[in-house]
Amino acid sequence: MANPLFFLSLSLLFLSPLSSSKHTPSTTTTPSAAHAELNKYGFPVGLLPINVVGYAVNETSGDFFVSLGDPCKVTLPPDNYLAAYSSRITGKIVAGRIAQLEGIRVRAFFQWWSITGIKSNGDDLVFEVGVVTAKYPSKNFDESPQCQGKRSAS
Ligand SMILES: *[C@@H]1O[C@H](CO)[C@@H](O)[C@H](O)[C@H]1NC(C)=O
């Protein structure tokens, strides 16, 4: 039995070069101070949905939390993976690196996987799911996504 994480990794890596953004964001607006903070640390605003209601960063330790008005689901470009944000997201941020991340999961291969870290690597973002990583162009995250309607009960 092959490790499903391997397939996740393979698939993410394989699919990412096929992505080409069909839309070019005409205006880059920064929805909130938390989003501006992401920019300051070298990350695109699209890592957080728009419904941020509060955040704090300890600039000494890098510990942060972000509060969302509600838990939020978004579809991640370009492969349309469903991502779920808890109403409280925590982690440690320094320039170009988010670690000990809690509160963001992605649905792939019939399971939810916790995104444990994110690195900004030039024009790419590297998402970590445990020891597995997947790379996506940062420009896919130039816009802060809207939360999807709460249709499904499960
Ligand atoms: C920020 O982190 C530093 C180092 O861990 C700690 O000493 C300090 O108390 C923290 N500040 C706040 C406001 O939590």
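Is K92 buried, partly exposed or exposed? At a relative accessibility of 30%, K92 counts as partly exposed, where buried means under 20% relative accessible area, exposed means over 50%, and partly exposed lies in between (1.4 Å probe, protein chains only). The close-up views below come from a predicted model, in which local features need pLDDT of at least 70, side-chain atom pairs count only at pLDDT 80 or more, and totals for chains, interfaces and linings use all residues. Residues are numbered from 1 along each chain as its sequence is written, and side-chain values use heavy atoms, with hydrogens and water left out.

**View 1. The salt bridge between D63 and K92**. Side chains of opposite charge can pair when their charged atoms come close. A salt bridge is a side-chain nitrogen of Lys or Arg within 4 Å of a carboxyl oxygen of Asp or Glu. In this view the side chains of D63 and K92 form such a pair, with an N to O distance of 3.4 Å. Because D63 belongs to strand β2 (residues 63–68) and K92 to strand β4 (residues 81–94), the pair ties together parts that are 29 residues apart in sequence. Strands (E, at least two residues) and helices (H or I, at least four residues) are DSSP runs, numbered from the N terminus. D63 is partly exposed, at 35% relative accessibility.

**View 2. Salt bridges of K135 and K119**. The closest N and O atoms of K135 and D124 are 3.9 Å apart. K135 lies in strand β9 (residues 132–137) and D124 in strand β8 (residues 124–129), so this salt bridge ties together parts that are eleven residues apart in sequence. Both partners are partly exposed: K135 has 39% relative accessibility, and D124 has a relative accessible area of 23%. The side chains of K119 and E128 also meet in a salt bridge, at 3.7 Å from N to O. K119 counts as partly exposed at 36%, whereas E128 counts as buried at 11%.

**View 3. A network of salt bridges**. E37, K40 and E59 are linked in this network. A search of the whole structure finds six salt bridges.

**View 4. The surroundings of the ligand**. N58, T60 and S61 are the residues around the ligand, each with a heavy atom within 4 Å of it. One oxygen–side-chain distance, from an oxygen atom of the ligand to an N or O atom of N58, is 2.4 Å. For the side chain of S61, the corresponding distance to an oxygen atom of the ligand is 3.5 Å. Taken alone, the ligand exposes 360 Å², and the protein buries 25% of that area. Accessible areas come from the Shrake-Rupley method with a 1.4 Å probe; for residues, only the protein chains shown count as cover.

**View 5. The largest cavity**. On a 1 Å grid over the protein atoms alone, a cavity is a set of points where a 1.4 Å probe fits but cannot get out, and lining residues have an atom within 4 Å of a point. Grid points are joined across faces, edges and corners, and a volume is the space filled by probe spheres set on the points. The structure holds three cavities of 30 Å³ or more, and the largest has a volume of about 190 Å³. Of the 16 residues that line the largest cavity, L38, L48, F64, V66 and I93 are the closest to its centre. At least two lining residues come from each of α2 (33–40), β1 (52–57), β2, β4 and β5 (97–108).

**View 6. S144 and its contacts**. S144 is placed in the segment after β9 and is buried, with a relative accessible area of 15%. A polar contact (a pair of N or O atoms within 3.5 Å; within protein, one must be able to donate a hydrogen and the other to accept it, and residues adjacent in sequence count only if both atoms are side-chain atoms) joins the side chains of S144 and H35 at 3.0 Å. The side chain of S144 also reaches the backbone oxygen of L48 at 2.5 Å. L48 is in the loop between α2 and β1 and is buried, with a relative accessible area of 6%.

**View 7. F109 and F110 in the loop between β5 and β6**. Phi of F109 is near 55 degrees, a positive value in a residue other than glycine. F110, also not a glycine, has a positive phi of about 65 degrees. F109 is partly exposed, with a relative accessible area of 38%, while F110 counts as exposed at 75%.

Note on methods
1 Å grid on protein atoms, 1.4 Å probe; cavity = no way out; pocket = protein on both sides within 12 Å on 5 of 7 lines; lining within 4 Å.
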